[in-house]
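I opened the notebook today to look up one helix, the sheet beside it and one of the pockets. These entries follow the order in which I looked.

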Amino acid sequence: MLNAYDRDEPVTPSLDRSPACPFDPAPALTALRAEQPIARLAVPEGAPGVWVVTGYEPVRRILADPRFSSRYETHYHPLAGGHLPPAPVGDLTGMDAPQHTRFRKLLAGKFTVRRMNLLTERLTEITRERLDAMERQGPPADLVEVFAQPVPALMICELLGVPYEDRDRFQSFTRTLADAGTAEAQYAAFAELGAYLRELALAKRDKPTDDLLSDLATGGDLTDEELGGVAAFLLSAGLDTTANMLALGTFALLRNPDQLAALRGDPDLAAGAVEELLRYLSIAATGMRGVLEDVELGGRRLKAGDTVIIAINAANRDPASFTDPDALDLRRSAAGHLAFGHGVHQCLGQQLARVEMRVAFPALLTRFPTLRLAVPAEELSLRTDPSQVYGVHSLPVAWDPA
């Protein structure tokens with residue numbers, strides 16, 4: 001039996017965040033979660049139904065249910081006024097089974113906790129090198145430029161096996177990808193990066209080295225086009241997200257000095273702190289799914305052909321699942337958060353991201369015990385474009401030189 005929500009008028013929620021609370025979901029999403037955790041969005045006449053889902057339990061169910069498709073062409077985008085184009089070759093987030101299963105099986109064994117932990121020594125060196133460079137430069141410094149972007153970029157180079165002499169070129173590609181503001185620009189940047197990585201991978205077929213790209217190139221299961229596409233996907237999926245977590249996470253800690261002091265005073269808190277920051281910030285704020293067949297969800301009837309917008313950031317702040325969810329509490333158990341997704345599409349590189357953050361945050365705070373914002377918080381430029389992960393364009397910081 002359907003509930004009274006199906007008699008409600010369609011909603012037109014604003015996705016604008018409150019400038020006073022830059023880490024929180026848009027107030028309209030929070031209100032929807034309390035009143036209509038599954039709400040029908042107002043769309044032009046003749047368009048398929050579009051739903052906004054903000055509650056933790058229905059979001060988790062959608063992410064695990066194969067009746068909700070990840071294929072981009074099943075997604076009607078209200079802002080674009082139409083369906084999205086199919087995913088580029090190798091983009092796992094835009095695939096369903098069996099295609100997704102094939103790629104996932106090829107990659108899953110290469111992102112184990114053990115393998116990621118083996119990278120910790122090199123990660124520690126890279127982190128120290130970037131902090132040394134930051135200290136030599138002196139305050140003020142843009143944390144995004146000197147630390148948050150280079151650390152994950154250099155780690156991806158290590159993982160994929162990008163030659164040292166190509167790393168400036170590689171980082172130029174990644175900056176272009178991160179700054180691409182439209183879907184068309186992102187697709188073009190993805191294709192350019194894929195072409196570079198395909199060329200690199202083909203060279204590794206003849207002369208393999210001990211890296212992920214060589215593993216994929218010599219496995220014999222991917223075409224040349226798939227090889228470049230998968231490599232570009234791995235990079236784009238892990239680089240921008242981790243870079244923004246490092247920058248926005250530092251911003252959040254500086255705005256919560258009691259939590260910053262707790263992490264600085266207890267290095268063993270790092271693992272739990274990372275999980276809480278992931279939950280609290282939820283930088284991959286929203287996602288989409290296409291409805292493949294009629295589904296009843298939370299008392300609502302969703303029809304085949306409809307689109308669902310899932311608000312990960314609102315779900316991770318659901319008081320039904322997390323006590324006092326709008327507080328940043330590094331000592332809480334944030335187990336079960338959805339920042340890395342859920343189900344078959346849960347982030348492949350989540351263990352690498354965790355290792356990077358567990359090393360980088362304590363190292364930064366230990367090296368610069370007087371770290372602070374160099375400009376008023378309200379002057380920071382935030383990444384609010386819905387096509388991008390949430391974060392800051394730059395984070396000017398200062399400290400007292402030794």
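Entry one, the helix and the strands. In this predicted model, I looked up helix 2, residues 56-64, and found that it lies across strand 1, strand 2 (50-53), strand 3, strand 7 and strand 10 (307-311). I also noted its direction, which is at about 125 degrees to strand 10.

Entry two, the sheet. I then asked in what order the five strands form their sheet. The order I wrote down is 1-2-10-7-3, in an open sheet whose pairing is mixed. At the edges I found strand 1 (38-40) and strand 3 (68-69), each of which pairs on one side only.

Entry three, one edge. I followed strand 3 to its partner, strand 7 (residues 286-291), and saw that the two run antiparallel and are joined by two bridges. Within this pairing I looked up Ser-69, which stands opposite Gly-290 in strand 7.

Entry four, the pocket. I turned to the second largest pocket, which holds about 220 Å³ of space. Its lining is made up of 16 residues, and those closest to the centre are Asp-65, Pro-66, Phe-68, Val-344 and His-345. Which elements give two or more residues to this lining? They are helix 2 and helix 3 (99-108), and helix 2 gives the most, with three residues. When I sorted the lining of the second largest pocket by residue type, I recorded eight nonpolar, five polar and three charged residues.

Entry five, looking back. Helix 2 came up twice in my notes, once as the helix that lies across the five strands named above, and once as the element that gives the most to the lining of the second largest pocket.

Note on methods: Residues are numbered from 1 along each chain as its sequence is written. This is a predicted model: local features need pLDDT of at least 70, side-chain atom pairs count only at pLDDT 80 or more; totals for chains, interfaces and linings use all residues. Side-chain values use heavy atoms; hydrogens and water are left out. Two strands pair if DSSP finds at least two bridges between them. Contact means heavy atoms within 4.5 Å. Axes are lines fitted to C-alpha atoms, for helices over the stretch in contact, and angles run from 0 to 180 degrees between N-to-C directions. On a 1 Å grid over the protein atoms alone, a cavity is a set of points where a 1.4 Å probe fits but cannot get out, and a pocket is an open set with protein on both sides within 12 Å along at least five of seven lines; lining residues have an atom within 4 Å of a point. Grid points are joined across faces, edges and corners, and a volume is the space filled by probe spheres set on the points. Ala, Val, Leu, Ile, Met, Phe, Trp, Tyr, Cys and Pro count as nonpolar, Asp, Glu, Lys and Arg as charged, and the others, Gly among them, as polar.
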